[in-house]
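Student: I would like a close look at a single part of this structure, with the surroundings brought in only where they help. Could you take me through it carefully?

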Amino acid sequence: DSEPAAPAGKLVADRMPLTTDRDGNARWQIPLPAPQPALQRPGEIRAEVSYQDPNGEVQTVSSRVPTWPSAVVLGLRSSHWASSRGKVNVTALALDVEGRPLKGQLVEVRGRLSQTLSTRKRMVGGFYAFDNRVEVQDLGVLCQGRSDDRGVVACEANLERAGEVELIAQARDAEGRLSQASTSVWVTRQGELWFAQDNDDRVDLLPEKKR
């Protein structure tokens with residue numbers, strides 16, 4: 001089995017000279033290039049420090065520091081992955097960056113409807129192909145509430161349009177920084193669900209003899 005590829009990173013500082021104080025500490029700030037947009041998702045910063053030990057040999061130590069776009073960390077789930085039109089139970093969880101529940105945190109759940117429209121076209125040679133087009137519609141705020149002692153917000157979302165609905169929970173911390181989490185649910189009209197169709201609904205027969 002091949003190992004998964006390492007996530008892409010960005011070098012923000014390289015070979016910065018540091019000098020320790022009398023207590024053996026050295027502090028520095030990461031020089032982010034300007035204009036630097038706000039963080040959009042959780043991540044981490046990996047820092048490596050090289051130094052010479054008393055024997056003159058170069059040693060290297062490293063550390064990882066998590067970064068968060070907001071002081072609020074959200075989670076979201078729905079009661080089912082598929083549902084007929086009507087009420088869908090949604091549960092959101094609000095925590096701080098240390099994993100402790102946040103009480104009284106305002107959380108709102110928005111919806112975004114995605115519908116796949118497919119057209120079958122005849123190609124050269126008598127073959128057929130599907131042309132898929134996705135339409136996205138903003139459903140606005142579906143429900144909202146404040147978290148309880150466990151950091152939980154339970155609400156009902158009214159979904160009347162058929163298709164794939166992306167539920168997006170969002171909240172802001174005391175400084176107005178946005179945190180989001182999402183999940184999806186398929187809504188039907190009590191009928192079949194339509195997914196994007198690939199061009200693999202045929203079998204090609206290649207004869208190796210005339211008879």
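Tutor: A patch, as the word is used here, is made of residues with over 30% relative accessible area and no salt bridge, and nonpolar side chains are joined into one when they lie within 5 Å. The model is predicted, and what follows should be read with that in mind.

In this model a nonpolar surface patch of about 530 Å² is made by Val-12, Met-16, Leu-18, Trp-28, Ile-30, Ile-45 and Val-65. Met-16 has its place in the segment before β1, and Met-16 counts as partly exposed because its relative accessibility is 36%, a value that lies between the limits of 20% for buried and 50% for exposed.

The part to look at closely is the pair of strands β1 and β2, which cover residues 43–52 and residues 58–67, run antiparallel and are joined by ten bridges. Five residues lie between the strands of this hairpin, in which Gly-56 takes a positive phi near 85°.

Within the pairing, Glu-44 has Pro-66 of β2 as its bridge partner. Pro-66 also touches Gly-43 as well as Glu-44, if residues up to four places away in sequence are not counted. Pro-66 counts as exposed because its relative accessibility is 54%. From Pro-66 one can also look across to Val-97, which is 31 residues away in sequence, with a C-alpha to C-alpha distance of 9.3 Å.

Elsewhere in the chain, the structure holds one disulfide, formed by Cys-143 and Cys-155 with their sulfur atoms 2.2 Å apart. This pair links distant parts of the chain, since Cys-143 belongs to strand β7 (residues 128–146) and Cys-155 to strand β8 (residues 152–159), the two cysteines being twelve residues apart. Cys-143 and Cys-155 are both buried, whereas Pro-66 in the hairpin is exposed.

As for the setting of the hairpin, the chain has ten strands and zero helices. Of its 211 residues, 23% count as buried, and the accessible surface of the chain comes to about 16,500 Å², with 47% of that belonging to carbon and sulfur atoms. Among contacts between residues at least 6 apart in sequence, 57% join residues at least 24 apart.

Conventions
Residues numbered from 1 in each chain as written. Predicted model: local features only at pLDDT ≥ 70, side-chain atom pairs only at ≥ 80, totals over all residues. Heavy atoms only, no water. Pairing = 2+ DSSP bridges. Helix = DSSP H or I, 4+ residues; strand = E, 2+ residues; numbered from the N terminus. Disulfide = S-S within 2.5 Å. Buried < 20%, exposed > 50% of the residue type's maximum accessible area, 1.4 Å probe, protein only. Patch = residues over 30% accessible without salt bridge, like charges linked within 9 Å, V, L, I, M, F, W, Y side chains within 5 Å. Areas by Shrake-Rupley, 256 points an atom, 1.4 Å probe, with all protein chains shown as cover. Salt bridge = Lys/Arg side-chain N within 4 Å of Asp/Glu carboxyl O. Contact = heavy atoms within 4.5 Å.
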